[in-house]
Amino acid sequence: MRVIRLAREFVISARIATFPANPDMSCSTTTVSPFSREKRMKTWANSAMTAVLLVAAAAPAITNRATAEDLRDALPPDVFLAVYGKHNSERDYQREHYAEVWNAVEETRIIEKTFQLIQARMAENDVGKMLAFRDTVKEALEPVQWKKLLELEEIIYGQKLDGPVGHSIVIARFPDDGAASLKQGLGNLFAMADEAGKDNINLVEETHANATLLTLQLPPQVPMSPVIGVRGDLFIFSTRTDFAKQALTLLDDPSAESKFDDPRVKKALSQLPEAEDALVFFDGKTLAQQLDGVIAFIRGVGAGNDEALRIATLIDSLLDELLIVDHEVTVEYTEGYQNRSATYGEAVSGHKNMVVGGMIANQKLFSDWSKWVPAEASSFSLNTGATVTPLYDWITTKIPEIFPESEQAFAKWDQIQDQFDVHLREDILQSFSGESVSIAMPGPPTPLGPSSKSVSFTRCSQPDRVKELIHRAFDALQEIPQVQAQGITLEESEQLEGFEVIRANLLMMMGGLTPVFGFQDGWMAMGSHVDAVQTVLDTRAGEHDSFAGTDQFAKFGLEVSGDVNAISYSNIGQSIRQAGQAMQQFGSMLPMIMAMAGQGGQGGPDLGPLQDVLQLLPPIGRIVSKFDFIESRLSVTQPGQNENSYVRHTVILIKPPAAAEAEAESAN
């Protein structure tokens with residue numbers, strides 16, 4: 001799953017820029033003739049990126065092998081995000097689950113149906129172009145040995161900023177000639193771009209550090225030069241040629257400093273389990289330094305424009321107050337049928353004097369998390385959160401300081417608050433300090449499937465004032481005729497002392513919802529059902545079993561003792577099954593309902609396209625349901641042993657393979 005997340009992040013962040021060339025690098029350069037010049041494609045970029053990402057996303061694991069080089073050496077010290085993943089055979093059983101997902105994709109023919117749906121809505125001439133494009137891309141990627149790519153052995157990913165543009169690099173190790181086949185296929189796409197771009201794009205092949213690199217040189221105004229390369233069993237992709245060369249040079253010089261040689265990484269790893277599957281290093285300090293380049297860029301572009309310079313000053317001031325994470329190191333490892341991760345992080349020195357530091361530094365930790373959560377909870381989250389008051393104070397002070405003309409708007413804002421006798425800072429922000437609890441429990445069955453009951457608590461220091469404002473809001477709503485027609489009222493709860501129930505005609509048609517709110521022991525409580533709130537209150541009082549004593553909690557093998565910043569649990573498998581079931585039901589019912597609704601009337605909107613899309617929901621729901629092998633997740637964050645530090649442990653339970661389940665049932 002880490003590799004899949006890398007692919008997703010790679011798409012979002014690979015925006016590209018430049019990296020200073022190394023004057024000591026000796027390279028040989030040749031211009032390459034394009035592939036299949038008869039076939040011109042102007043949308044080559046999406047195809048190239050998609051192919052790269054398919055490699056990462058398709059690989060559920062990465063076979064151990066002894067290698068001369070350590071890929072971790074390739075990431076330079078100036079990246080702010082460094083990721084290393086490797087194969088762990090303990091997770092090979094998960095391939096059986098992913099195979100079932102793919103089988104569902106093939107059996108439902110969802111790809112073919114989607115393609116047919118798109119084709120049916122296109123003009124005949126456009127259909128021909130699309131088919132030609134598909135065939136050309138297919139031909140270009142014909143050399144790629146996809147099965148070899150599924151056996152990805154290890155991978156690194158790095159990201160950095162240079163001004164407003166991001167640089168990314170990926171180096172992946174494949175068995176046999178998998179890397180060469182990928183480079184050949186993507187090289188064909190590059191050649192298509194070269195042909196389509198005519199004189200604006202050049203395709204250049206060169207060698208560096210025993211690697212063959214193929215660069216797509218774009219016009220000077222485009223801050224990127226995507227490059228692919230191969231060196232033995234290594235495949236290289238970067239958004240900048242110089243970045244790729246720098247990484248290869250570092251890879252050949254283990255004595256040179258790399259990102260993972262940072263003393264902070266070594267300190268964190270001494271307090272974390274072994275990184276069996278992945279190692280991630282986020283360097284907040286380096287990111288903060290590189291974001292200064294964004295501000296410098298804005299100021300350079302806006303030179304002579306007072307408005308742009310003032311905006312740059314505001315952004316600069318805001319970043320100084322927000323970036324409080326010095327670094328964070330995460331390791332992933334496997335225990336049985338559990339995907340585990342552990343994180344160690346530290347805040348920057350003096351963070352308590354920053355705005356965000358003031359928002360989180362004085363939060364009250366949970367010393368009794370287990371007393372909040374009933375045994376039957378299907379999901380829950382406890383979080384110390386943040387108080388928004390320091391940010392509000394900064395905004396109302398800093399903006400008038402930089403933009404004096406805004407003082408009139410803030411004065412008007414104060415007048416409006418006085419007029420309605422509701423003050424955002426004093427009445428709302430200061431009333432709620434940010435600590436919160438949310439819990440979901442199974443609800444009664446409905447015609448559309450299972451339902452749930454929800455309860456939430458938020459720490460409240462001014463219950464009387466908040467209650468007064470709520471009553472004023474309801475009184476105002478009663479003046480609206482449409483609201484009056486719903487018969488919305490507030491009534492004292494008969495079951496919960498000090499609580500009030502919201503009654504409305506519409507709520508009675510929604511499975512008997514009885515929204516309730518009240519205040520107790522410094523908390524404001526809200527719930528969808530009275531009995532759900534009562535269950536949580538009974539758990540708090542020790543009169544109801546806690547989730548901490550259940551077999552489900554014991555499955556995680558995660559001891560949670562002492563104060564807690566945050567803890568959360570979710571029954572992922574159940575949520576996936578319910579989502580898949582809902583998609584199949586809605587996909588079957590809605591097209592018929594829409595068809596009946598459209599009868600007897602003319603001149604209305606054409607619902608045909610929407611009906612066609614809805615018909616895809618049942619097969620999509622069937623595919624989604626296959627992901628229920630991801631059973632549940634538990635995560636907890638607590639203060640670390642060192643000053644300004646924190647630790648986070650996350651466990652994801654994975655469904656055992658069919659053979660293991662059968663063996664367990666036989667033993668029982």
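**Exercise 1. A residue in a strand**

Find the strand that holds T215, then work out whether T215 is buried or exposed.

*Solution.* Start with the place of T215, which is strand 6, residues 211-217. This is a predicted model, so what follows describes a prediction. Next, look at the accessibility of T215: its relative accessible area is 2%. The cut-off for buried is under 20%, so T215 counts as buried. To finish, take S238, which is 23 residues from T215 along the chain. The C-alpha atoms of T215 and S238 are separated by 9.4 Å.

**Exercise 2. The chain as a whole**

Describe the protein chain by its secondary structure, its buried share and its exposed area.

*Solution.* Begin with the secondary structure, which comes to 24 helices and 21 strands. Then turn to burial: of the 668 residues in the protein chain, 45% are buried. Last comes the surface. The chain exposes about 33100 Å², and carbon and sulfur atoms supply 54% of that area.

**Exercise 3. Two positive phi angles**

Locate R109 and K198, and give the phi angle of each.

*Solution.* Take R109 to begin with. R109 sits in the loop between helix 3 (94-108) and helix 4 (110-120). Its phi is near 55°, a positive value in a residue other than glycine. With 40% relative accessibility, R109 counts as partly exposed. Now move on to K198, in the loop between helix 7 (178-197) and strand 5 (202-208). K198 is not a glycine either, and its phi is positive at about 50°.

**Exercise 4. Pairs of opposite charge**

How many salt bridges are counted? Go through the pairs D70 with R72, K267 with E346, and E435 with R459, asking where the partners lie and whether they are buried or partly exposed.

*Solution.* The count comes to 40 salt bridges. Let us take the three pairs in turn.

- Step 1: D70 and R72 form a salt bridge in which the closest N and O atoms are 3.0 Å apart. D70 is partly exposed, at 27% relative accessible area. R72 is partly exposed too, at 30%.
- Step 2: K267 and E346 meet through their side chains in a salt bridge, with 2.8 Å from N to O. K267 lies in helix 9 (residues 263-269) and E346 in strand 11, so this pair ties together parts that are 79 residues apart in sequence. K267 is partly exposed, with a relative accessible area of 36%, whereas E346 counts as buried at 12%.
- Step 3: E435 and R459 form a salt bridge whose closest N and O atoms are 3.6 Å apart. E435 belongs to strand 13 (residues 432-442) and R459 to strand 14 (residues 452-460), so the pair ties together parts that are 24 residues apart in sequence. Both residues are buried.

One more item completes the picture: salt bridges that share partners join E69, E154, R173, R231, D233 and D252 into one network.

**Exercise 5. A nonpolar patch**

Which residues form the nonpolar patch on the surface, and which helices give two or more residues to it?

*Solution.* List the members: W413, I416, F420, L424 and I428. Together they have about 400 Å² of accessible area. The elements that give two or more residues to the patch are helix 14 (407-420) and helix 15 (424-429). Helix 14 gives the largest share, three residues. For a closer look at one member, pick I428, which is found in helix 15. I428 is partly exposed, with a relative accessible area of 30%.

**Exercise 6. The second largest pocket**

What volume does the second largest pocket have, and what lines it?

*Solution.* Here is the idea behind the search: rolling a probe the size of a water molecule over the atoms shows where empty space is left. The volume of the second largest pocket is about 600 Å³. Its lining has 22 residues, of which H351, I360, A361, N565 and Y646 lie nearest the centre. Now ask which strands take part. Strand 11 (338-347), strand 20 (630-639) and strand 21 (645-654) each supply at least two residues of the lining. Finally, sort the lining by class: there are nine nonpolar, 10 polar and three charged residues.

Technical notes
Residues are numbered from 1 along each chain as its sequence is written. This is a predicted model: local features need pLDDT of at least 70, side-chain atom pairs count only at pLDDT 80 or more; totals for chains, interfaces and linings use all residues. Side-chain values use heavy atoms; hydrogens and water are left out. On a 1 Å grid over the protein atoms alone, a cavity is a set of points where a 1.4 Å probe fits but cannot get out, and a pocket is an open set with protein on both sides within 12 Å along at least five of seven lines; lining residues have an atom within 4 Å of a point. Grid points are joined across faces, edges and corners, and a volume is the space filled by probe spheres set on the points. Helices (H or I, at least four residues) and strands (E, at least two) are DSSP runs, numbered from the N terminus. Ala, Val, Leu, Ile, Met, Phe, Trp, Tyr, Cys and Pro count as nonpolar, Asp, Glu, Lys and Arg as charged, and the others, Gly among them, as polar. Patches are made of residues with over 30% relative accessible area and no salt bridge: like charges are joined within 9 Å, nonpolar side chains (Val, Leu, Ile, Met, Phe, Trp, Tyr) within 5 Å. Accessible areas come from the Shrake-Rupley method with a 1.4 Å probe; for residues, only the protein chains shown count as cover. A salt bridge is a side-chain nitrogen of Lys or Arg within 4 Å of a carboxyl oxygen of Asp or Glu. Buried means under 20% relative accessible area, exposed over 50%, partly exposed in between (1.4 Å probe, protein chains only).
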